[in-house]
Structures are given as C-alpha cells and as structure tokens.
Amino acid sequence: MEFTRSLSTGRLLAEILPDGTPAHVVAEIARHCRFVHGSVMVFPSGRPDAFFARLAAMGLTAASPQPSTVVRGRVARGYGIPEEDLPVQIVHATITGGDPDHGGEVEIFVCPPRSGERFERLMDDERRAGHETHFALHVSEPHLTERLWGLLTGPAGMTPDGGGFNPHEGPAGCTVLYFRAEGLIRPQGWPRRLELLVDGRHELLTTHLRSAESSRLAHTVPEPSADEDATRRMFEMLTGAWTTQALCAAAELGLPDHLGSQPATSAELALLTNADADLLHRVLRYLASLGVVRRDGERWELTRLGMTLRTGALRDVARLYGGIFYRSFGSLTHSVRTGENAFEHALGLPPFDYLNEHPEQARVFHGAMAAGSSWFSRVPEVIDFADVGTVVDVAGGHGDLLRHVLKAAPATRGVLFDQPATADAAREVFEKDGLLDRCEVVGGDFTEQVPRGGDIYLLSRILHDWDDEQCLKILANCRRAMTESARLVIIERPIPTDGTPSLAIAWDVHMAVNNIGGRERTDEEYRRLLRAAGFDLVGIAPLALDMAALTAVPTGGS
Ligand SMILES: C[S@@+](CC[C@H](N)C(=O)[O-])C[C@H]1O[C@@H](n2cnc3c(N)ncnc32)[C@H](O)[C@@H]1O
C-alpha cells in the first residue's frame, strides 16, 4: 500500500521505458497515461465481512467485488485448476488520503483458499514470488497503445505476459495487456510486471496474446514445486555449463549477428562461419530449445532473446563467461577447499594481471563491461551532474559510464583514470567520440594515488573486486584527492538483507571466483567500509538490474 502510494506515473514510466527514449516521446506517453493502481493477489480465510473489516482497518475503502475473468483464466491455465474452482473476485480499494493521480488505489484479487496440491502451489508461489503482483497504467489514447507496446516489447525488453478483455470493467469493457521483465523494482523488491488498461476492445490484443504464448513456450522455466520432477530439474541445472558453452559458441561464431540481418539455413551459416555443418545444425537445434533461435522451415531466425547476443549487446559477455570466466569457475571446488583464488589457480595470474598480458581477452572483458551495463544511462538521472565541474571516474575502464555522464552534462569535464594499458585503449575511444577536449585520460594505480581536483569521484564496480583492506586503500586515496565539498559515488550491486531475490547473490560467488578477495556487500557493509575510510554514506538510489548508486561525502563535510 505504501509503495503504491509512493509510486507516480512519472516514476513508473521511468522504471519501464527503455533507456534513451526521446524526451518528447516520454512526455507524450505521460500525457495520455495514468498510473491507476498496484495489484496483489490474496487468499483470505474466514468470512468476507472479516476481510473487508481488515481492509478498512488498514485505511482502504473497498468498492463492491467484481468477477475477474483475465487473471482467473491465467491462474487456472497456469496451475491446471478448473476455472469453476477459482472464484477470483476483483476488489478496488482507495487508499485513505491517497492521491487519485498517484497510485491512490489498490487492486486486490481475492481468492478464497481451497485445499489440494495445485491450489497450495498457487498460494505458495503467489506469497513467495507475487506472480500476479503488478502496476497498472491506464492509456487514454488508444492509438498510443501500439507505440507503447512496441517500446515495451522492443528496447525495454519486456515480455508479453497474457491479457484479455474484461467486459465487466468500464462502460465498453476493457482490454488488459500484461508485460513482465526480469528484476525487481527496488527498494521494495516488487516484480517488474505491468498492466496496460485500454478502454474497449483493442485489436492489438490478438498480437499480444500470440507473442505472450510464443515467449511462454520459449522461456518456460519449471518452478520448484511439490509435483515437480526433481531429477529433471537437477539435470537442467547440471547442464547449465552446456548452455553457457552453446551461447559462447554462438557468440564466437557470430551466429546472432548473421541471423540478425536475415534468416539462414544451417548450411548457409556453416559457410558463413566456416563451421562443420552437421554439428552446427545440432547446436542450433539446442539453441532453439533454449529459445535463442527458432526454426521456420529450413531456415533459422533469431528470437528476441537471441537478439541480446548480438555485437554491441551481450556478445562479449557470452564470450567472457564462456571463456576465461568459465575456466576460472572450474576451480571453484579448489577455491572453496583452500580459500585460494580460483581465477589465479586456473589461469596462472591474478585477473587484472592476466588481462594486462592478454590484450584480446582484455578487449572482450571491457566489451562485456560496457555491454553488461544498460543501467549506465540511468546514472545521470539519479545523480545530478549538471552543475558539477569535474567528474573523476576512478578505474573507469574504457569510459562508458563517463561518456554517459559527459553527454548528460555538457558543461562538465571528465577525468578517466585506469591502469596505463586500459587508459590507452580508453583514450582512443574518447578520441573517436570527439570527447578528448572535455576529458583527460590518466594512467596509474589506484592503490598509490588517484587524480586530484574532482567534484565527484566515481567508483563503478570497483569495490566489489577487492577485500576490505584493499578497498580501504582505494577509498583512502580517493579521500586524499578530494576536497571537503567533493562527493563520492559508488556503483555496486548491494546484497539485500530482507531476502529479496537479487542478482547480487550469484555475482557474489562470481566476484570471489574472478577477483582476489572480491565480494558483493550489503548497504550496511558499505556504510561501515566508508566510515572507516572517512566518509558518510548519505544516499542510495536504485538502478536497473539490482544495481544502486551510493553517494558518500567526507565525514564532517557538506
Ligand atoms: C570491473 S572493471 C570496472 C570498470 C568500470 N568502472 C565499469 O564499471 O565498467 C574494474 C576496472 O579496474 C581497473 N583496475 C584494476 N586494478 C587497478 C589499479 N591497480 N589501478 C587502477 N585501475 C585498476 C581495471 O583495469 C578495470 O578497468
């Protein structure tokens, strides 16, 4: 209820629209869309009047229940429960003191509990993962729906997730389109699930439902549950390495790039990539089973999922995770037993020394860093760089974050600092982008010193590479270089302490494997580390993919 009340149309649009959506498009969408409610599904036991009394006690004024058609049908199909056994009702409840233009309403799907294994699974799943939890936008201009649909299912990477026509809602009924995306809306950790409501019956519904069905088939991930075949699930997990390697092979051969321009047969792809036609065909069939490609007659075409593997997207991530980081993970058992670093054990050198000696791997690493950072463009939205004189990006890699900052703040100057070989490569990129007149590129070692004179110091994905001792050294060098009025912005993936699922949990192991002393930390651990280095943590702003920007100021400073 609190989260719904705190969410506005603007904030919801910022969460769901793809990075880089032109401002005039955002403005037009904002003009014709209104955040109407947050929704949850509940299973109240006892008499209905007791349930309504509880809502009233929570400050919710409930309207009369209406029958649900869309959600009831979805849940029935999803859990194999006959619709007649699912008397789902919709209750719209206004929040006392809420603003009707800013999430003043909660939509509650009320389903009286039933006995039976399938029903228990539904209740378990819903309480644990909130599959039906979503946020609704009402679209008042039907012509805008197609545009919004294109943005959401294209660059915003959302997946159609069912929908339908509800004849009971509004004078002409209402078209309901659901979308889902990975990750959670932080800090509350709500699912990124969206409902578009359009008055009347919209013809887009047919296309939406068709693509919802094909993505459901492409992405079916069995949920652990009472009636699940545990052995099959375990096999699927145990063969995760095969998946990594098939994706890596596809990326190395450039299959997604070839198929991105036009569909092709296995023989054509074998010619283009100089590969063995028979084995390539079998790998493509495996990739199809993963939803990366799909077969149309003799030809293979790229799915939306597969498009994320193209050059400039996650291709270098696939090459890195299937390449040197795959080899290092092979030493995990050794590392857990001995406490030694897995990367060094497998590849003979600490990670950054290894990259310094292998320029091609370093190029893939920095390509992966740039590709795996779709949230960079959001940083200037949560940190105001407009009146900032100089931003120093400490260990900024090839400068992708700094480039976003400099583009967003045309009067700001930048200093990119990294190891000499990386700085040289970054200089070339800044030169190509015509940004060298606003950005100095400096090579050095952050354990010795960092450039002075910045107003904001960025440490993006640096502290998680190191143990506390090394972090304190880096932070102390930043503190020494900073004036009292300068700020430090740390970009990391904090580990939630409230049990919210987060990519940080897996990445914590990844950091341990691929960095000496690397680890993800909780907000509190960052706060303590910063305090020990002479900083106060003053703000945490969530970014996409469970990342966050933590702002710190010198202790006793402004
Ligand atoms: C995980 S990358 C992060 C790059 C960038 N900040 C980002 O978020 O994309 C870590 C960076 O630390 C740099 N680095 C490692 N050791 C360093 C050192 N001793 N001095 C300066 N930079 C270093 C690496 O070259 C690499 O660019």
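**Strand S5, the largest cavity and a three-stranded sheet**

Within strand S5, Val106 is the bridge partner of Ala93. This pairing belongs to the predicted model described here, in which strand S4 (residues 89-95) and S5 run antiparallel to each other and are joined by six bridges. Val106 also serves as the bridge partner of Gly38. Strand S1 (residues 33-42) pairs with S5 in the parallel sense, over five bridges. In general, the strands of a sheet pair through backbone hydrogen bonds, and either sense, parallel or antiparallel, may occur. S5 is mostly covered, with five of its six residues buried.

Strand S5 (105-110) also contributes to the lining of the largest cavity, to which it supplies at least two residues. Helix H5 (70-79), strand S8 (174-185) and strand S9 (190-199) each likewise supply at least two residues of this lining. Empty space of this kind is revealed by rolling a probe the size of a water molecule over the atoms. Two cavities of 30 Å³ or more were counted in the model, and the largest encloses about 70 Å³ of space. Its lining consists of Ser68, Val70, Val71, Ile90, Glu107, Phe109, Asn166, Glu169, Val176, Tyr178, Glu195 and Leu197. By residue class, this lining comprises seven nonpolar, two polar and three charged residues. The charged residues are Glu107, Glu169 and Glu195, while Ser68 and Asn166 are the polar ones.

A separate part of the description concerns an open sheet of three strands, arranged in the order S10-S12-S11 with antiparallel pairing. Strand S10 (264-265) and strand S11 (293-296) occupy the edges; each has a single partner strand, and therefore one side of each is left without a neighbour in the sheet. S10 and strand S12 (residues 299-302) run antiparallel and are joined by two bridges. In this pairing, Thr265 is placed opposite Arg299 of S12.

For the protein as a whole, the secondary structure amounts to 26 helices and 19 strands. Of the 558 residues, 48% are buried. The exposed surface of the protein is about 26200 Å², of which carbon and sulfur atoms supply 54%. When contacts between residues at least 6 apart in sequence are considered, 68% join residues at least 24 apart.

Terms used
Residues numbered from 1 in each chain as written. Predicted model: local features only at pLDDT ≥ 70, side-chain atom pairs only at ≥ 80, totals over all residues. Heavy atoms only, no water. 1 Å grid on protein atoms, 1.4 Å probe; cavity = no way out; pocket = protein on both sides within 12 Å on 5 of 7 lines; lining within 4 Å. Points joined across faces, edges and corners; volume = space filled by probe spheres on them. Helix = DSSP H or I, 4+ residues; strand = E, 2+ residues; numbered from the N terminus. Pairing = 2+ DSSP bridges. Buried < 20%, exposed > 50% of the residue type's maximum accessible area, 1.4 Å probe, protein only. Contact = heavy atoms within 4.5 Å. Areas by Shrake-Rupley, 256 points an atom, 1.4 Å probe, with all protein chains shown as cover.
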